[in-house]
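Visitor: I've got a model open and a few things to ask about it. Could you walk me through it?

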Amino acid sequence: MNNDINRMFNKSFNDMTFLQNELSSDFQKFIFVFDFDLTMTIKNSGEYRVETGYYDLFGSEEKLEKLKKKLNSLKSSGHVIYINTRAYAEYVRRILKNVNILVGDECLIKCVYGSQTVEEIQKPFTLTELNEYGLLGIENTYVLWSVKKVTFLNLISTIESIPKSNILFFDDLSVNVNTAKMNGYKNSFLIGSDDSGLYGLDFLLIKLDQIIDLFKIKI
Ligand SMILES: [Mg+2]
């Protein structure tokens with residue numbers, strides 16, 4: 001019974017019907033927004049050891065190259081890629097630089113949004129912001145970060161002048177996917193599932209294949 005519930009739960013978070021219904025033959029720009037840890041990686045960047053090398057974080061050099069190839073196809077088809085992470089953004093940029101993924105306006109990844117300071121990883125909002133967003137009294141960091149991620153999605157939607165429905169958001173935490181969906185980002189996808197046994201980059205590579213196929217992108 002529990003397995004069935006899990007299966008339905010995961011399915012509902014990964015339903016692509018919305019996307020299928022919205023695709024017309026005219027080109028539409030989509031913004032791909034990826035969480036970093038355990039979405040683009042196989043391990044948590046905060047836990048892996050530098051001595052083992054950066055490829056370890058992505059599972060293998062082969063998996064990382066597959067990811068780059070798919071992201072390159074999305075970008076060269078006119079779509080835009082962002083990262084939306086709880087991690088210290090500067091640290092993520094450093095990892096990407098070390099595996100030759102460039103971040104910047106015309107680069108593979110346009111921008112990495114995340115913690116600007118190490119303190120923000122635990123406290124994403126100031127007291128003023130907590131008040132503004134109606135979050136006073138909420139201390140659960142996961143819940144707070146799920147809202148913080150929505151503020152980054154809102155920022156991206158404004159910068160790109162694109163409706164929320166053209167933003168595809170990928171994250172391995174259901175609280176983040178759920179909060180994004182509740183705030184209008186219906187094309188949000190949970191990365192990883194108990195019943196498939198796949199998680200992180202292994203799951204994302206399959207998800208991207210499905211989307212690339214749906215968008216009829218040449219790879
Ligand atoms: Mg994550």
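Guide: Sure. One term before we start: helices and strands here are DSSP runs, at least four residues of H or I for a helix and at least two of E for a strand, numbered from the N terminus. Keep in mind that this is a predicted model.

Visitor: What pattern does the chain follow along the sequence?
Guide: Counting elements, the chain has eight helices and five strands. Read from start to end, they come in the order α-α-β-α-β-α-β-α-α-β-α-β-α.

Visitor: How are helix 3 and helix 8 oriented to each other?
Guide: Two packed helices are described by the angle between their axes and the distance between the axes. For helix 3 (residues 61–76) and helix 8 (residues 200–214), the axes are 11 Å apart and the angle is about 30°. Angles under 35 degrees count as roughly parallel. Helix 3 and helix 8 are therefore roughly parallel.

Visitor: Which residues of helix 8 make the contact with helix 3?
Guide: Helix 3 passes helix 8 in a left-handed crossing. From helix 3, the contact takes K63, K66, L67, K70 and S73, and from helix 8 it takes L201, L205, L208 and I212.

Visitor: By class, how many residues of that contact of helix 3 with helix 8 are charged, polar and nonpolar?
Guide: Lysines come up repeatedly on the helix 3 side: K63, K66 and K70. By class, the contact of helix 3 with helix 8 has three charged residues, one polar and five nonpolar.

Visitor: On to helix 4. Why are A89, V92, I95 and L96 on the same side of helix 4?
Guide: A89, V92, I95 and L96 are buried, and R94, K97 and N98 are exposed on the other side of helix 4. Strand 2 (80–88) and strand 3 are among what covers the buried residues. An α-helix has 3.6 residues a turn, so residues three or four places apart point the same way. The buried four are on the same side of helix 4 because they cover an arc of only 120° around the axis.

Visitor: Is L38 buried or exposed?
Guide: L38 is in the loop between strand 1 (31–34) and helix 3, and has a positive phi of about 65° although it is not a glycine. Most residues other than glycine have a negative phi. The cut-off for buried is 20 or more other C-beta atoms within 10 Å. L38 has 20, so it is buried.

Visitor: And N100, buried or exposed?
Guide: N100 also has a positive phi, about 60°, and is in the loop between helix 4 (89–98) and strand 3 (111–115). Here 12 or fewer C-beta atoms count as exposed. N100 has 9 others within 10 Å, so it is exposed.

Methods: Residues are numbered from 1 along each chain as its sequence is written. This is a predicted model: local features need pLDDT of at least 70, side-chain atom pairs count only at pLDDT 80 or more; totals for chains, interfaces and linings use all residues. Axes are lines fitted to C-alpha atoms, for helices over the stretch in contact, and angles run from 0 to 180 degrees between N-to-C directions. Angles under 35 degrees count as roughly parallel, over 145 as roughly antiparallel, 65 to 115 as roughly perpendicular and the rest as oblique. A crossing is left-handed if the near helix is turned anticlockwise from the far one by less than a right angle, and right-handed if clockwise. Two residues are in contact if their C-beta atoms, placed from the backbone, lie within 7 Å. Ala, Val, Leu, Ile, Met, Phe, Trp, Tyr, Cys and Pro count as nonpolar, Asp, Glu, Lys and Arg as charged, and the others, Gly among them, as polar. The arc is that of the directions from the helix axis to the C-beta atoms.
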